[in-house]
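Let's walk through this structure together, starting with its enclosed spaces and ending with a pair of packed helices. Keep the viewer open as you read.

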Amino acid sequence: MTTSGPSSDLDIYADEHILDPYPAYRTLRDLGPAVWLERYQVWAVTRYRAVYDALHDPHTFSSASGVALTPETNQMLMGNTVSSDPPEHDRLRALIAPRLNPRALRAYSDEVQRRAIALVDDLIARGSFDAVSDFAQVFPVSLVPDLLGWPEKGRDRLLTWASAGFNTIGPMNQRTIESVPALQEMSGYVAGLVSENDLRKGSWGAELLDSGRERDLSEDVLAKLLMDYLLPSLDTTISALASMILLFGQNPAQWDQIRARPEAIPNAFNEVVRLESPIRGFYRHLKQDAKVDDVTIPKGSWAIVLNASANRDEQHWEKPDAFDITRRAAEHVGFGHGVHSCVGQGLARLEGHALLTALATRVRRFDVDNAQWGLNNTIRALKSLHVTVHAA
Amino acid sequence: MKITADLHRCEGHGLCAGTAPEMYDLDDDAVVVVRYDIVPPHLERRAEAGAGVCPVAALRVEA
């Protein structure tokens, strides 16, 4: 395929560009709003405006052939909500979305707040802890499987399965190859849940299976929809929750602002997701030529839409690399945007806001050190962060 | 300028009202309420900003 337009042989999946992706994104943005990645033979959409427009044009930037780099992964993903275009997409999303919108989630806000307070009180009693294993991982992993009606057996594998899934969105590199057994294990497990109808009666998961069966969806699609509900809700939220502690630890004056004005919490959580976007982006298949400013991405190409780069675009944000809870952060694309925008973002916000609310009255200061970032093809997340809290 | 709201698409995230409270509100069921049929000229930019931030593209701007 001939390409005309900017190109780069930068390897966005090299360890150095996973551990610190932002210089690479900057390099690509400087080359153009769309850049041909030689190494992977795909385009990258880099700047905010271009990313936003691509996300809002699903007929050109199609998800129906899959949203991963490799055909093997796309084959496995086929049939779920992420890998579909309107109108099929809207029908599938309608099976998952109603339980997850903020108005439906209000029924759970007291419970979530209660759990948040319990966790925070426990951590304050400890004084020092790890923001990932003792804080960020604890909350989503205990909450979402409960809501879904997931049996207790198998919960200890959920994080492994989720990370494996996100690795496979990228190339068939060592990380991905090592993830394959976990994915096979997960597929077998979820298929078993569906065929045994093993989700708690009255739970969201049980309801999903019932509605899906009423619509004659296949067991395979039902399994994929269950995974749609669960897998994207773990690594992503965990990432944001741990980054939240890191950023407020590094910016104590802004923590003081949160303590003085808790109504700043929603915008602050948006700023965390903007600055340290958990998901770098997903792929799209071009159904027709796309004009991205002065670059044309030809029909038939594949392109990674780099949400995480858009969120740091100096052409859109003032001082994009600064953590600033007073900026207008709501327009970030860390949850995606448009028809595929994260269906669980209401739940992520519910969790994040509840934890910030509990922390705001109880913690005066976070001392953070020894931040270690994890290696995953798609997810940016701390794998450990030592924290000492100073109680209010 | 007119703003059209797709009330079926609206999921109640409230980003519109957070960005441009002069133009958007959420009712008791957390569904968007567009305050003006015809957007007053001095609010056009705010109206566009609020419409653009909607994560599910439920708000459309007609110039």
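A cavity here is a set of grid points where a 1.4 Å probe fits but cannot get out, and its lining residues are those with an atom within 4 Å of a point. With that in mind, remember that you are looking at a predicted model. Its scores are ipTM 0.87 and pTM 0.95. For chain B, the average pLDDT is 93, and 100% of the residues score at least 70.

Let's begin inside. The structure contains 3 cavities of 30 Å³ or more. The largest cavity has a volume of about 110 Å³, and 14 residues line it. To find its centre, look for B:Cys10, B:His13, B:Gly14, B:Cys16 and B:Cys54, the lining residues that lie nearest to that point. By class, the lining of this largest cavity is made up of 10 nonpolar residues, 3 polar and 1 charged.

Now turn to the second largest cavity, which holds about 50 Å³ of space. Its lining includes the run A:Asn376, A:Asn377, A:Thr378, A:Ile379 and A:Arg380, and A:Ile18, A:Pro21, A:Tyr25 and A:Arg280 also take part. Here the classes come to 4 nonpolar, 3 polar and 2 charged residues.

Next come the open spaces. The second largest pocket offers about 750 Å³, and its lining counts 32 residues. Both chains appear around its centre: A:Pro266, A:Asn267, A:His353, B:His13 and B:Leu15 are the lining residues nearest to it. You have already met B:His13 by the centre of the largest cavity. Which helices supply at least two residues each to this pocket's lining? They are H6 (102-105), H7 (109-126), H16 (265-275) and H18 of chain A, together with H1 (15-19) of chain B. The largest share, 5 residues, comes from H18(A). In the pocket lining as a whole, 13 residues are nonpolar, 12 polar and 7 charged.

Let's stay with H18(A) and see how it packs. Two packed helices are described by the angle between their axes and the distance between the axes. Helix H18 (residues 345-362) of chain A and helix H15 (residues 252-260) of chain A have axes that come within 9 Å and cross at roughly 95 degrees. Angles of 65 to 115 degrees count as roughly perpendicular, so H15(A) and H18(A) are roughly perpendicular to each other. On the H15(A) side, A:Trp255, A:Ile258 and A:Arg259 make the contact, and they meet A:Leu356, A:Leu359 and A:Ala360 of H18(A). This contact has 5 nonpolar residues, no polar ones and 1 charged.

Methods: Residues numbered from 1 in each chain as written. Chains lettered and ligands numbered in written order. Predicted model: local features only at pLDDT ≥ 70, side-chain atom pairs only at ≥ 80, totals over all residues. Heavy atoms only, no water. 1 Å grid on protein atoms, 1.4 Å probe; cavity = no way out; pocket = protein on both sides within 12 Å on 5 of 7 lines; lining within 4 Å. Points joined across faces, edges and corners; volume = space filled by probe spheres on them. Nonpolar A, V, L, I, M, F, W, Y, C, P; charged D, E, K, R; others polar. pLDDT = per-residue confidence, 0-100. Axes fitted to C-alpha atoms, helices over the stretch in contact; angles between N-to-C directions. Helix = DSSP H or I, 4+ residues; strand = E, 2+ residues; numbered from the N terminus. Parallel < 35°, antiparallel > 145°, perpendicular 65-115°, else oblique. Contact = heavy atoms within 4.5 Å.
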